[in-house]
Structures are given as structure tokens and as C-alpha cells.
There are 2 protein chains.
Amino acid sequence: MSDRNWLNNINCQNCSISQLCLPYTLDNSSLDKLDNIIERKRPYHKGELIFQAGEPLRSLYAVRSGSFKSYTVSNDGDAQITAFHLPGDLIGFDSVHSNNYTSFAEALETSMVCEIPYSSLETLSDQLPLLRRQMMRLMSSEISADKQMLSLLNNKSAEQRLATFLLDFSERFKSRGLSSKEFRLSMTRAEIGNYLGLTVETVSRLLSKLHKEAAIQVDGKFILLRDVDRLQSIAGVQLRACATS
Amino acid sequence: MSDRNWLNNINCQNCSISQLCLPYTLDNSSLDKLDNIIERKRPYHKGELIFQAGEPLRSLYAVRSGSFKSYTVSNDGDAQITAFHLPGDLIGFDSVHSNNYTSFAEALETSMVCEIPYSSLETLSDQLPLLRRQMMRLMSSEISADKQMLSLLNNKSAEQRLATFLLDFSERFKSRGLSSKEFRLSMTRAEIGNYLGLTVETVSRLLSKLHKEAAIQVDGKFILLRDVDRLQSIAGVQLRACATS
DNA sequence: CGTGCACTTGAATTCCATCAAAGGTTGTGG
DNA sequence: CCACAACCTTTGATGGAATTCAAGTGCACG
């Protein structure tokens, strides 16, 4: 079995998460072309980096299985996690404007990716308007999500942030065909805190609090959402009926 | 003089800020094509909206003169300013993934824009790879800037945020050929605070503090940077010489 | 000339960070 | 397979930075 394409029975055409990924809306012949430029690599183990800030931009990466975190390191040295990536997510859009990666991408567990060489992707998207538009949509979604994140960090309390975080993952697992109520968070409390602008201690305390209040059940990295309505009201989601009061 | 194209002596070819805008890297024939789809509209006055969240996505907008703020309103009602736009900036990338605008764009003073109908832009970028790549670069830059903003909000004190804000505007004015030391901030203290995740009072207090310490000089909306080095050290920028200590 | 908004400054409060310490879990090498 | 180290997690006590509440000034605009 060759090192590259070591699982060559995998392709976009039969990929279970392709509707979350770049292939969305592509017709079969376009799918073939896209599939041809994609490389399937060996798995990354926990802690391994796909790329580092400063390295020349080679490829974008689509998560196939497992999960990753993206983070930046500011010039005064502190790291900031900017996203957690689940299967179907594309990694690297923040680096397209530069010739180098502007962030780090690190596996949170044993994970696999599809590597999409950027120059090939550019060439191919010259030929396939649908592919180009899907890329634009995905980048726009990322911008939109980042703006929402700004709003979360600027306006919400620690508890609201954590509740929003849990509901966000619930949605994301659901859209991947997994349980929206019961899931495993592959990142540590410290990583959740870093992402949400909180300390480890605060995250831990609030998880305990929500557990005590029976809104969730926490068992290490496993989370069970027991009272989604309550989480939503904590997160600050207005129900339609209350909106006009 | 017709209402549309009321200043038809303006075009991308002679636009002083085109190197900051979409036209960058386009050749002359491509510039012509782009110029043909752009509409120059009457000025927007302070407080006027270019578009509102929920309206169907018609166009992207390039700031020609003046300034704008973009903001979102979360479902529990609080507004979050997500960007301030200066001449050359493109507005609307966060809405491309949707059929509707996801944010509001409001003039901070009397301002002009170039309107770029999105469907024409899509069609045109099918034909012009350079245009497409420039759009991707601009979107990627926005993603990158948003990630930096997340880091700022999560890791920095109020004073660091404000110093970073002032230095950011200094850079942006400089790249537009204006003074990097002396400029007018068209937004209110409350808007600065909203953007930076601070209250009006904190912004006001810190501006007074920096003024007293002679790092800046404040006269209403006019700011004079007196000690950029000091601002940079407050903002947390490491000088090269100190990086290895 | 007065009304409304923007700005400034002070005092009290609060939420979360920090500091500290003690389990728990994971993984590794003997 | 066990033992130990490294790291992750939890919980408590304390402190501080920024918000909130409050009051007053200044400025723009009708």
C-alpha cells in the first residue's frame, strides 16, 4: 500500500460528509475533477500539526474524521484558538490572502484530512464556476461566524458563552448525523476557555453549575444535554412567543 | 444630471484608492469591464443605512469617501459593531453565503460608495480569474482580521485594546495617503466601546489617561498620536530586539 | 436659546481572573 | 502490568479590572 492515497477507495463521490464540504452543489464530472486533485494522507495523531504559521501556503485541508483546532500566536506570545474543526470543515481560508499560513492547525485526536493543493484548486475553480461559488460561500460563512463570535465575546457573560458553545456543538454534531444531545468534546477545558475568552477554572465551575442545575450532565469529556430549552434561554435566545413582550 | 451615475467622470481607472480596492492587479481591459458594472450612487448622510439585515442581497459596496460601520443585531436585541469601513474597503462579504444581508451598514458621516451588483460580479469573475482571486484575497484578509480581533478581545486589557485600535486606524489612514499621526475618528466613544467590548465610560477614561500621559492628544473626535512607541508597547507589540530575551 | 445627545469624571459593585491545593486521568517505560 | 510523571480537572479563597450607577459639563442643531 503506497504512503500517499493509502486509502484509495475513498473519494468525494462516496464521501458521507461531502454535502458539508467543498463538493456541495458540484455535478458528477466536476466532482471527478475535484476528486483528482485531492490527496488523502495518513492520519494525524493528537498534537500533530497539519501546518504552522509562517510556512508557505501549500494546501487547504478538509477534515475527514476526528477534529482539529486552529490557533494564532500573537507577537507577544499568547495563543488564541480561533476555531474547532469537525468533519467536513475546511481549514486554511484565513491564509489565502498571504503566501504563508497565518495560523496553526493541530489535531485534537487521531484524525484524517483531505489535502487540496491550493494552486490546483485555483486552476480548477477557473474552470468550474460552481466550485468557485461554493468556495466563496464557505469563506463568507466563516466571516459571518467570526462576526457572531465577536458579538458573543463582547456582549455575553461567561455562562452565556458556555451555553452558546454547547448549543453550537450540538447543532454541528446534529448536521453531521450524530446525536445532538450526547457527544464527546475532544478539546480540554483549557482549550474551551481559551476559545471563549475564559479561564479553565471558570469553564470547569460553570460546567459543574449546569450539571448541578440538571441542564446538562458532564462525565469528563462526555456531555449530555438534558434541558436544551434552559440552555437556550441561558444563551440568550429569545423564543418567538416572547419576542414582542 | 441623471440620478444614477451622477458623477460619471469617476471610474475605477482614475480612482485614487483603486489599489486598496477590488481593481487591484486587474489589467486595463478587465478594469473597463469591472467599471461598467459599478454604479455610483448619491451620497449617504450620517445615520443612513446602505442595507439592513434580512434584505435580499443585491450588491457589495466599496467605500469611496467617508466612513461606515457594520453591525449585527443578535436575537436578544443587542447590537454589535463588527467593523469600521474606510475608503477602499468592501462591505458585504459576510452576506455572500446567504441570499440576504446578515448585517447592517450605516454611514458615520456623509459618505459615498460604489455599488457592485453581486450577480454581475459573479458573472464577471467567471471570466476574469484575476478578479476572482482578488475577491478571494479580500475575503481571506477579512477572515484573518476577524481572527486577530478575537485574539484582541480574549487576551487584552481595555488599555491594550484601545491602543491597538488607535494604531490600527493610524495604519489605515497612512495606507490611504493621510496622516498616520493626526486624524479624526468619525465614530462616537460609544461606538468605539461597542466595537472593542468596552463601555463608553471606560473608553473615555482611557483616552483621558493616555492624554494625561502624553501618549496622545485628544480634542473631541480629533486624535494626535504623540508617542507611537509608547502606544505600541501598551498594545503589546514586541520590538525585534526584545523578542529573544 | 434651549433641548438632546455626546462626553467626562467619580463612587460603588460585580463578575471573573488569579492564586492555591488537591483529586483524577492518561500514557509511558521499566 | 504496575508505577510514576505529566497533565487535566475540580473546588475554594481572594483580589482587581471594568461595569454599573450617578451626576454634571459641553457641544451641535433646530
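Here is a short tour of the contact between chains A and B, followed by a stop at DNA strand D.

Before you click, know that this is a predicted model, where local features need pLDDT of at least 70, side-chain atom pairs count only at pLDDT 80 or more, and totals for chains, interfaces and linings use all residues. Residues are numbered from 1 along each chain as its sequence is written, chains are lettered from A and ligands numbered from 1 in the order in which they are written, and side-chain values use heavy atoms, with hydrogens and water left out.

**Stop 1: chain A against chain B**

Colour the two chains separately. You'll find 47 residues of chain B in contact with 47 residues of chain A (contact means heavy atoms within 4.5 Å). The area buried between them is about 4,200 Å², with carbon and sulfur atoms giving 53%; buried area is the accessible area (1.4 Å probe) that two parts lose on being put together, summed over both.

Now pick B:Arg133 and A:Glu122. They form a salt bridge, with the closest N and O atoms 3.5 Å apart. The rule (a side-chain nitrogen of Lys or Arg within 4 Å of a carboxyl oxygen of Asp or Glu) finds 12 salt bridges across this interface.

Which part of chain B should you select next? Helix 3 of chain B supplies the largest share of the side that touches chain A, 20 residues. Helices here are DSSP runs of H or I, at least four residues, and strands are runs of E, at least two, numbered from the N terminus. Colour that side of chain B by class and you get 16 nonpolar, 19 polar and 12 charged residues. Ala, Val, Leu, Ile, Met, Phe, Trp, Tyr, Cys and Pro count as nonpolar, Asp, Glu, Lys and Arg as charged, and the others, Gly among them, as polar.

**Stop 2: DNA strand D**

Select what surrounds the strand, taking a residue as near if one of its heavy atoms lies within 4 Å. Of the 16 residues around DNA strand D, A:Arg189, A:Arg205, A:Ser208, B:Ala158 and B:Thr202 come nearest. Sugar and phosphate make up 59% of the strand's atoms that come within 4 Å of the protein.

Zoom in on A:Ser208: one of its polar side-chain atoms sits 2.4 Å from a phosphate oxygen of DNA strand D. Over on chain B, a backbone N or O atom of B:Ala158 lies 2.7 Å from a phosphate oxygen of the strand, while for a polar backbone atom of B:Gly197 the distance to a phosphate oxygen is 3.3 Å.

Finish on helix 6 of chain A, which gives the most to the surface near DNA strand D, with four residues.

How values were computed:
Polar contact = N/O pair within 3.5 Å; in protein donor to acceptor, adjacent residues only side chain to side chain.
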